[in-house]
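Reader: I'd love a close look at one part of this model, followed outward into whatever surrounds it. Could you walk me through it at an easy pace?

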Amino acid sequence: MKTIIEPFRIKSVEPLHHTSREQREQFLAEAGFNLFLIEAKNILIDLLTDSGTSAMSTAQWAAMMRGDESYAGSESFFRLKRVVEDLTGFRHVIPTHQGRAAERILFTVMCRAGHTVPNNTHFDTTRANIEFTGARAVDLPLPESSDTQARLPFKGNLDVAGLERLITVEGAGRIPLVMLTVTDNSGGGQPVSMANLEAVRQLTTRHGIPLYLDACRFAENAWFIQQREPGYASWSPKQIAQKMFRLADGCTFSAKKDAFANIGGFLCTNDDRLAAQEKDLLILTEGFPTYGGLAGRDLEAIAVGLEEVLDTDYLRYRIASTGYLGRHIADRGVPIVEPPGGHAIYIDAGRMLPHIPRSQFPAQALAVELYRHAGIRSVEIGSVMFGENAKHELLRLAIPRRVYTQSHIDYVVEAILEVNARKNELRGFEIVYEPKFLRHFSARFQPLTGHGQI
Ligand code: F0G
């Protein structure tokens, strides 16, 4: 059979609410044209993020009932620890309430002013947590990946020659760790090859620099390696993931992505001295090391999710459904970051809306119009999110795991094509309020003249 179906059936449903265009106009104005500030009940299809938005399985819900809520020594923690150790090989598993808490603890322990942390592309919270310690976050994506249209199999790879130059200029002593984000979220949800991981490992070992994975979407990355990298076709996604983790010295992980959990994360390391310092900090802000800011039932959901996500049927469907959205809009003229990523499709709004300059946030204009037109929420990944560090003006359509069916995606395709047909009428925005950190969450905008006047 050629048709790839959702490899699950639906046992519990949540209603979606339609709104009128007039209502959406009002919600937009009230929210300062920032989609983060719109109430979720007024969103029809929510593609803001794939984080914490997964549908949990019957096995996960069942496991939650056996959650051991003991303050110390919870059985649920040891179950999670066994799963994570089997997957990653790391000795120390430190649970946190989500990925950024793991980042904050890791960077607080490892970084200070004068340090530089390279990554293929830092996610916004990763960059912010590094900069908060006074260190510098440097993105080293492949030079070829700057062309959004280039169809490379592993466009998330880190620029190894660039890393070598950086180490020479900075000196290894000022680089406390190198990170690799799998898949490269801000770079378009693109995978990193095993060969690239191995090359980065070799270089960091030579200079005595620890290598960490930002492992949020490790299973999707493993699937791309199996499908695209010579030598891995007969490996299971789990075997590939096990090898990926074993090339690193530690990881940060947001369980809100490839563990299908609604909350959670962890920090891993093999370094006993670091782990002791990390656990000290954990107790200050997250909790005792056997729960780290989570309920016992959350630890259970993560443990089960980490095994489910490596299922071949699931990963085949997952990557195919993201590709379905990508191909259906790209083949009809909407420029996307090629090839389609794992968890999301990124529209190259800079290319789609050349009449809106970067300073007027073309991807934000597109996000607003998609909501106004069809009640779809997406997120700007461009100059609003990254300021002057933005390399592109992208609009991300992130697909929650196991949540939407093909007809939902067909609706999204139809809406995007309709907006694309009258793209010349879209107008840009100016920022009228901005906070100090992570401004995309709460910035407020004002439309520049003529926006939406059709
Ligand atoms: N690293 C990457 C690559 C991420 O994509 C995220 C979150 C984090 C770290 C932080 O994890 O949210 O659990 O604290 N990304 C979400 C997104 C928010 O929408 O892409 P967190």
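Author: Let's begin at Ser-74, whose side chain reaches the backbone nitrogen of Ser-76 at 3.0 Å. That same side chain also reaches the backbone oxygen of Asp-68, at 2.8 Å. This is a predicted model, so please read every distance here as computed from predicted coordinates. Ser-74 sits in the loop between α2 (58-65) and α3. Is this serine buried or exposed? Its relative accessible area is 1%, under the 20% limit, so Ser-74 is buried. Setting aside neighbours within four places in sequence, Ser-74 is in contact with Asp-68 and Thr-290.

From this loop we can step into the helix. Phe-77 and Phe-78 form an edge-to-face aromatic pair, with 5.2 Å from centre to centre and 70° between the planes. Phe-77 has 5% relative accessibility and counts as buried, whereas Phe-78, at 34%, counts as partly exposed. Theirs is one of 15 aromatic pairs in the structure.

Now for the sheet beside α3. It is an open sheet of five strands in the order β2-β8-β7-β6-β5, and its pairing is mixed. Which strands stand at the edges? They are β2 (92-96) and β5; each has a single partner strand, so one side of each is left without a neighbour in the sheet. On average, neighbouring strands here are turned by 15° against each other, direction ignored. Helix α3 packs on this sheet by touching β2 and β8 (265-269), and its direction makes about 125° with that of β2. At the β5 edge, four bridges join β5 to β6, and these two strands run parallel. Within that pairing, Met-179 has Tyr-212 in β6 as its bridge partner.

The interior is worth a pause, too. In the largest nonpolar core, which has 59 residues, the members touching the most others are Phe-218, Met-244, Phe-266, Ile-302 and Leu-306. Helix α8 supplies the largest share of this core, with six residues. Leu-306 gives a good view of the surroundings: beyond its neighbours within four places in sequence, its contacts include Leu-80, Val-83, Val-84 and Leu-87, as well as Phe-218, Phe-253 and Phe-266. Asp-258 and Ala-259 are also among the contacts of Leu-306.

Two of those phenylalanines meet as well. Phe-218 and Phe-253 form an edge-to-face pair, 5.8 Å centre to centre with 65° between the planes. This pair links distant parts of the chain, since Phe-218 is in helix α8 and Phe-253 is in strand β7, 35 residues apart. Phe-218 counts as buried at 0% relative accessibility, and Phe-253 counts as buried at 2%. Both belong to one aromatic cluster together with Phe-90, Phe-245 and Phe-266.

Phe-245 brings us to helix α9 (residues 237-246), where it is buried along with Pro-237, Ile-240, Ala-241, Gln-242 and Met-244. What do the buried residues of α9 pack against? Their partners are the helices α3 (75-88), α7 (194-207), α8 (218-228) and α12 (312-330), plus the strands β6 (211-214) and β7 (250-254). Our starting helix, α3, is thus among the elements that α9 packs against.

Finally, let's cross to the other sheet by way of Asn-185. This residue is in the loop between β5 (178-181) and α7, and at 4% relative accessibility it counts as buried. Not counting residues up to four places away in sequence, Asn-185 touches Phe-123, Arg-217, His-343, Tyr-346 and Arg-396. The C-alpha atoms of Asn-185 and Ile-381 are separated by 9.9 Å, although these residues are 196 apart along the chain.

Ile-381 stands opposite Leu-394 in β12. Three bridges join β11 to strand β12 (residues 394-398), and the two run antiparallel. They are part of an open sheet of three strands, ordered β9-β12-β11 with antiparallel pairing. Here β9 (344-348) and β11 (379-381) stand at the edges, each with a single partner strand, so one side of each has no neighbour in the sheet. Neighbouring strands of this sheet are turned by 35° against each other on average, direction ignored. To complete the picture, helix α14 (residues 362-374) lies across β9, β11 and β12, running at about 40° to β12.

Note on methods
Residues are numbered from 1 along each chain as its sequence is written. This is a predicted model: local features need pLDDT of at least 70, side-chain atom pairs count only at pLDDT 80 or more; totals for chains, interfaces and linings use all residues. Side-chain values use heavy atoms; hydrogens and water are left out. Buried means under 20% relative accessible area, exposed over 50%, partly exposed in between (1.4 Å probe, protein chains only). Contact means heavy atoms within 4.5 Å. A nonpolar core is a set of buried Ala, Val, Leu, Ile, Met, Phe, Trp, Tyr and Cys residues joined through side-chain atoms within 4.5 Å. Two strands pair if DSSP finds at least two bridges between them. Axes are lines fitted to C-alpha atoms, for helices over the stretch in contact, and angles run from 0 to 180 degrees between N-to-C directions. A polar contact is a pair of N or O atoms within 3.5 Å; within protein, one must be able to donate a hydrogen and the other to accept it, and residues adjacent in sequence count only if both atoms are side-chain atoms. Rings of Phe, Tyr and Trp (its six-membered ring) pair if their centres lie within 6.5 Å; planes under 30 degrees apart count as stacked, over 60 as edge-to-face and the rest as tilted.
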